Amino acid sequence: MKSIKNHLSLILALLSILFSVQVFVIVDRAIDAYKTGLANNYSIVMVSQKSLDEATIKGLNPLIKSYSELSPDAVIKRLSSDLNSKNAELLKLTLPKFYKIYLTTYPSPSEIKKLTADLLKNQFVTKVEDFAHTHDVTYK
């Protein structure tokens, strides 16, 4: 009888350890998936006076994973009712370039400040919108 109690207590202890490790792994995977989702959904908008190439943008900061140029066509289409086609084309040529920058990981507030400063160091970059307030609320 004593032997059965010893075996059962050992099996219960091992099962509780196994359950604890499994819960830890599941929570860790969920946190990693959440971080990846945040990093993929969070982006920064950068305004540049001239068109920038991929090497230039990625060289500004190691957090930058990729970028996409935002088309001004939607804005011009809204304004086109008041403009003729020649003025719309001229406006399209004179508008600055807008880039949506995607990051490798979800950054901390200090990393966002450094990234913004690094982007603004480029002579052609005029403005960086980092959505700092929204980021800080989500980060905290």
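**Exercise 1. How many of the 140 residues of the chain, as a percentage, count as buried?**

*Solution.* Keep in mind that this is a predicted model. Start with the cut-off: a residue is buried when its relative accessible area is under 20%. By that standard, 24% of the chain's 140 residues count as buried. Next, look at the outside: the accessible surface of the chain is about 10,100 Å², and carbon and sulfur atoms hold 62% of that surface.

**Exercise 2. Work out the order of the elements and how spread out the chain is.**

*Solution.* Begin by counting: there are 6 helices and 4 strands in the chain. Then walk from the N terminus, and you meet them in the order α-β-α-β-α-α-β-α-β-α. Now turn to overall dimensions. The radius of gyration is 26 Å, well over the 14 Å that the globule rule gives for 140 residues, so the chain is more spread out than a compact globule. Along the principal axes, the C-alpha atoms fill a box of roughly 95 × 35 × 25 Å. Finally, check the contacts: among those with a separation of 6 or more, 81% join residues 24 or more positions apart.

**Exercise 3. Take stock of the charges, then examine the salt bridge of Lys58.**

*Solution.* The chain carries 18 positive and 13 negative side chains, and the centres of these two sets are 7 Å apart. Side chains of opposite charge can pair when their charged atoms come close. To count as a salt bridge, the nitrogen and the carboxyl oxygen must be within 4 Å. Searching the whole structure turns up 3 salt bridges.

The partner of Lys58 is Glu54, with 3.0 Å between the closest N and O atoms. Both residues belong to helix 2 (residues 54–59), where they sit 4 residues apart, about one turn of the helix. As for exposure, Lys58 is partly exposed at 34% relative accessibility, and Glu54 is also partly exposed, at 43%.

**Exercise 4. Which residues do salt bridges with shared partners join into one network?**

*Solution.* Take Asp118 as your starting point. Its side chain forms a salt bridge with Lys114, at 3.0 Å from N to O. Asp118 and Lys114 both lie in helix 5 (residues 109–120), with a spacing of 4 residues, about one turn of the helix. Asp118 also meets Lys121 in a salt bridge, here at 3.7 Å from N to O. Now compare accessibility: Asp118 is buried, with a relative accessible area of 10%, whereas Lys121 is exposed at 67%. Put the pairs together, and Lys114, Asp118 and Lys121 form one network through their shared partners.

Technical notes: Residues numbered from 1 in each chain as written. Predicted model: local features only at pLDDT ≥ 70, side-chain atom pairs only at ≥ 80, totals over all residues. Heavy atoms only, no water. Helix = DSSP H or I, 4+ residues; strand = E, 2+ residues; numbered from the N terminus. Rg over C-alpha atoms; globule rule 2.2 N^0.38 Å. Buried < 20%, exposed > 50% of the residue type's maximum accessible area, 1.4 Å probe, protein only. Contact = heavy atoms within 4.5 Å. Areas by Shrake-Rupley, 256 points an atom, 1.4 Å probe, with all protein chains shown as cover. Lys, Arg positive; Asp, Glu negative; His and termini not counted. Charge placed at Lys NZ, Arg CZ, Asp CG, Glu CD.
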